[in-house]
Amino acid sequence: MSKPIYVLNGPNLNLLGSREPEIYGRTTLADIGDMAAAEAKAHGFEVVFRQSNHEGELVEWIQEARLKAAGVIINGGAYTHTSVAIHDALRAVDVPVVEVHLSNIFTREEFRHRSLISPVAKGLIVGFGANSYVLAVDALASLIEEAAE
Ligand code: CA2
């Protein structure tokens, strides 16, 4: 049995579907979890899907993923733009990391243009709403499959 894909979500993403639908859509985080799990299953992977509003908890999950995950998908939420701790934790992960965002952070406010996750990610998928996660699962599964060949 292969290791699962960890999908980690940062602050306020638990509010998805309830506010700001013009930016983030109407899909809830639970729906996104289901979409990610279905896509992963098609590639033969299970998903560990989590959300936290706490930076340290996200760091602990990234450290856990070092040992237990086949790869990591992360939407760091606002910590994307600020967290050296999450950057450092991801640097220590040997499995592939894909950064994901619902919105296109590069067409939004200037403070969202810089990501501390991007330099330690294999690639980024931004701007496709909930479908960003499905695309990220596809991309990560391909990376894991290629590495196993
Ligand atoms: O576009 C993304 O996925 C973001 O990571 C979402 C973060 C934001 O800080 C990043 O710059 C881009 C915010 C998530 C908050 O989501 C909410 C959803 C509904 C209501 C309020 C916040």
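Me: Before we look at the ligand, how are residues sorted into nonpolar, charged and polar?

Reply: Ala, Val, Leu, Ile, Met, Phe, Trp, Tyr, Cys and Pro count as nonpolar, Asp, Glu, Lys and Arg count as charged, and the others, Gly among them, count as polar. In this structure, which is a predicted model, the shell around the ligand divides into eight nonpolar, six polar and three charged residues.

Me: Which residues of that shell come nearest to the ligand?

Reply: Of the 17 residues around the ligand, those that come nearest are Asn75, His81, Leu102, Ser103 and Arg112.

Me: How should I read the polar contacts of the ligand, and which residues make them with its oxygen atoms?

Reply: The idea is to look for a pair of N or O atoms within 3.5 Å. Here the side chain of serine 103 has an N or O atom 2.5 Å from an oxygen atom of the ligand, and for the side chain of histidine 81 the corresponding distance is 2.7 Å. With alanine 78 the partner is a polar backbone atom, which lies 3.4 Å from a ligand oxygen. As for the surface of the ligand, it exposes 510 Å² when taken alone, and the protein buries 95% of that. The space that the ligand takes is the largest pocket.

Me: Is serine 52 buried or exposed, and which side chain does it join through a polar contact?

Reply: A residue is called buried if its relative accessible area is under 20%, and serine 52 therefore counts as buried, with a value of 2%. Serine 52 is placed in the loop between β2 (47-51) and α3 (55-68), where its side chain and that of glutamate 57 are joined by a polar contact of 2.8 Å. A polar atom of the serine 52 side chain also lies 2.9 Å from the backbone nitrogen of histidine 54.

Me: What does the sign of phi tell me, and what is the phi of asparagine 12?

Reply: Most residues other than glycine have a negative phi, so a positive value is worth noticing. Asparagine 12 is not a glycine, yet its phi is positive, at about 75°. Asparagine 12 is found in the loop between β1 (5-9) and α1 (21-24), and it is partly exposed, with a relative accessible area of 48%.

Me: Where is alanine 70 placed, and how far is its C-alpha atom from that of leucine 140?

Reply: Alanine 70 is in the loop between α3 and β3 (71-75), and with a relative accessible area of 14% it is buried. Although alanine 70 and leucine 140 are 70 residues apart along the chain, their C-alpha atoms are separated by 9.1 Å.

Terms used: Residues are numbered from 1 along each chain as its sequence is written. This is a predicted model: local features need pLDDT of at least 70, side-chain atom pairs count only at pLDDT 80 or more; totals for chains, interfaces and linings use all residues. Side-chain values use heavy atoms; hydrogens and water are left out. A residue is near a molecule or strand if one of its heavy atoms lies within 4 Å of it. A polar contact is a pair of N or O atoms within 3.5 Å; within protein, one must be able to donate a hydrogen and the other to accept it, and residues adjacent in sequence count only if both atoms are side-chain atoms. Accessible areas come from the Shrake-Rupley method with a 1.4 Å probe; for residues, only the protein chains shown count as cover. On a 1 Å grid over the protein atoms alone, a cavity is a set of points where a 1.4 Å probe fits but cannot get out, and a pocket is an open set with protein on both sides within 12 Å along at least five of seven lines; lining residues have an atom within 4 Å of a point. A molecule sits in a cavity or pocket if more than half of its atoms lie within 2 Å of its grid points. Helices (H or I, at least four residues) and strands (E, at least two) are DSSP runs, numbered from the N terminus. Buried means under 20% relative accessible area, exposed over 50%, partly exposed in between (1.4 Å probe, protein chains only).
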